[in-house]
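This report walks through one protein chain, from its overall layout to a few individual residues. Please keep the sequence and the model in view while reading.

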Amino acid sequence: MQPAITIGGQEVKAGTRASIHLPLPEFYTYAPTTMPIHVVHGRNPGPCLLITSTVHGDEINGIEIIRRVLGHKSLSRIKGTVILIPVVNVFGFVARSRYLPDRRDLNRSFPGSPKGSMAGRLAHVMMSELIPNCTHIIDLHTGAIDRENLPQIRATLNGDSKLEAMAKAFNAPVVLDAEVREGTFRETAHSLGIPTLVYEAGEALRFDEVSIRAGVAGILNILSHLEMTRKRTRKKEHQPFIAKRSQWVRAPQSGIARSLVALGDRVSQGDDLAFISDPFGEHEEVVKSPASGIVIGRTRLPLVHEGEAIFHIAIFSKTSVAAESVENFQDAFDPDTDTTESEERPLVG
Ligand SMILES: [Zn+2]
């Protein structure tokens, strides 16, 4: 039997589950604030997987992913521990904002400090209360407001075969081998040697059924990969492809954009991606793709300023194979084409 685990001064015994409300700095109304944490502490020892969502306060897909994972039967008999935090940035979440009341981005404020500003203190709470317990991390994100992302894993692989195996095990259609930004939760955890995946899918302030289903399946795949649960038969229709590079396409002029490509579409260098024009359709410019690849991010708002990033294209060594896999992935998780039985009633967008 594994020893009890203590978070926020609360002890959780082996073979039990607990909801903990970790105290955070108060609002200036003196309203007490807490971070909700759910701990599933297995009977037998094993890895400790930390799953975080809503580090950016308006990115809410992960909350629904965590709710579904918590209700899944496979969590009733795990080896090791799963710690799930549906809302890390409680302050931003209340304000429906990516940021904190101190206007800082929590995901640029790690590792933080007990004497820092609000964001720094919140980061420090994560570092002191949660990081010491965990061996692996999955951090759930979405695109920003009015920007949608194709489900994708971001990790800094750097030839790390164990991390690469974990990134692939999640089974999102795309793994972006991306450089880490300083001050992110991922960078800080990575520098401490904790294998960390970021799952990016959907857009801010919206639920997206395909992104949610793929996220739930991904987490269950990781639990099985880390041998915390029994082997899981994975959907075989698609496999993840690693993109070593990606490119943003920016608006060549300000105006009203008409997009010609959807998320997950395959594009070739020189293809038309969108038209941008004034309201009369005069002064129209065609946005061409600067590279061949797959559209993994896209603006949803047709109103753009010159220089604004409007498409994100992932570049693969074999675009055609990756594109086919993306298509199969979408069929596998789209409630209309998914043939496997799901316990959850699909959310309608
Ligand atoms: Zn984010």
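The sections below take up the whole chain, its domains, its strands, two helices and some backbone details.

**Basis of the description**

The model is a predicted one, in which local features need pLDDT of at least 70 and side-chain atom pairs count only at pLDDT 80 or more, whereas totals for chains, interfaces and linings use all residues. Residues are numbered from 1 along each chain as its sequence is written.

**The chain as a whole**

The chain contains seven helices and 19 strands, where helices (H or I, at least four residues) and strands (E, at least two) are DSSP runs numbered from the N terminus. The radius of gyration is 21 Å, which agrees with the value near 20 Å that a compact globule of 349 residues would have; this radius is taken over C-alpha atoms, and the globule rule is 2.2 Å times the number of residues to the power 0.38. Along its principal axes the C-alpha trace spans about 70 × 50 × 40 Å.

Of the 349 residues, 43% count as buried, a residue being buried if 20 or more other C-beta atoms lie within 10 Å of its own, exposed if 12 or fewer, and partly exposed in between, with C-beta atoms placed from the backbone. Among contacts between residues at least 6 apart in sequence, 67% join residues at least 24 apart; two residues are in contact if their C-beta atoms, placed from the backbone, lie within 7 Å.

**Two domains and the side where they touch**

The chain is divided into domain 1 (5-225) and domain 2 (245-316), with bounds that come from an automatic or database domain assignment. The centres of the two domains, taken over C-alpha atoms, are separated by 31 Å. Ten residues of domain 1 are in contact with ten residues of domain 2. On the side of domain 1 that touches domain 2, β8 (147-155) and β9 (174-177) each supply at least two residues, and the largest share, five residues, comes from β8. The residues of that side divide into three nonpolar, three polar and four charged; here Ala, Val, Leu, Ile, Met, Phe, Trp, Tyr, Cys and Pro count as nonpolar, Asp, Glu, Lys and Arg as charged, and the others, Gly among them, as polar.

**Strand β17 and its partners**

Strand β17 (residues 293-299) is largely enclosed by the rest of the structure, because seven of its seven residues are buried. The table lists strands that pair with β17, two strands being paired if DSSP finds at least two bridges between them.

| Partner of β17 | Bridges and sense | Residues that stand opposite each other |
|---|---|---|
| β8 | three bridges, antiparallel | N149 and G297 in β17 |
| β14 (residues 266-267) | two bridges, antiparallel | R266 and I294 in β17 |
| β19 (residues 309-315) | four bridges, antiparallel | G297 and H312 in β19 |

G297 thus appears twice, opposite N149 and as the bridge partner of H312.

An open sheet of four strands has the order β16-β15-β13-β18, with antiparallel pairing. Its edge strands, β16 (285-288) and β18 (303-304), each pair on one side only. Within the sheet, β13 (residues 255-259) and β15 (residues 272-277) are joined by four bridges, and A257 stands opposite I276 in β15.

**Helices α4 and α1**

In helix α4 (residues 161-170), M166, A167 and F170 are buried. They lie on the same side of α4, because they cover an arc of only 100° around the axis, the arc being that of the directions from the helix axis to the C-beta atoms. The buried residues of α4 pack against β8, β9, β10 (196-202) and α6 (209-225), whereas the face turned away carries the exposed residues S161 and A165. After α4 comes N171, whose phi is positive, near 70°.

Helix α1 (residues 61-70) holds I65, which counts as buried because it has 29 C-beta neighbours inside 10 Å. Leaving aside residues up to four places away in sequence, I65 touches S53, L140, I212, G215, V216 and I219.

**Backbone details in loops**

T54, in the loop between β5 (44-53) and α1, has a positive phi near 60°, and with 25 C-beta neighbours inside 10 Å T54 counts as buried. R103, in the loop between α2 and α3, has a positive phi near 70°, but with 10 C-beta neighbours inside 10 Å R103 counts as exposed. P111 is placed in the loop between α2 (90-94) and α3 (118-130), and the peptide bond from F110 to P111 is cis, with omega near 5°.
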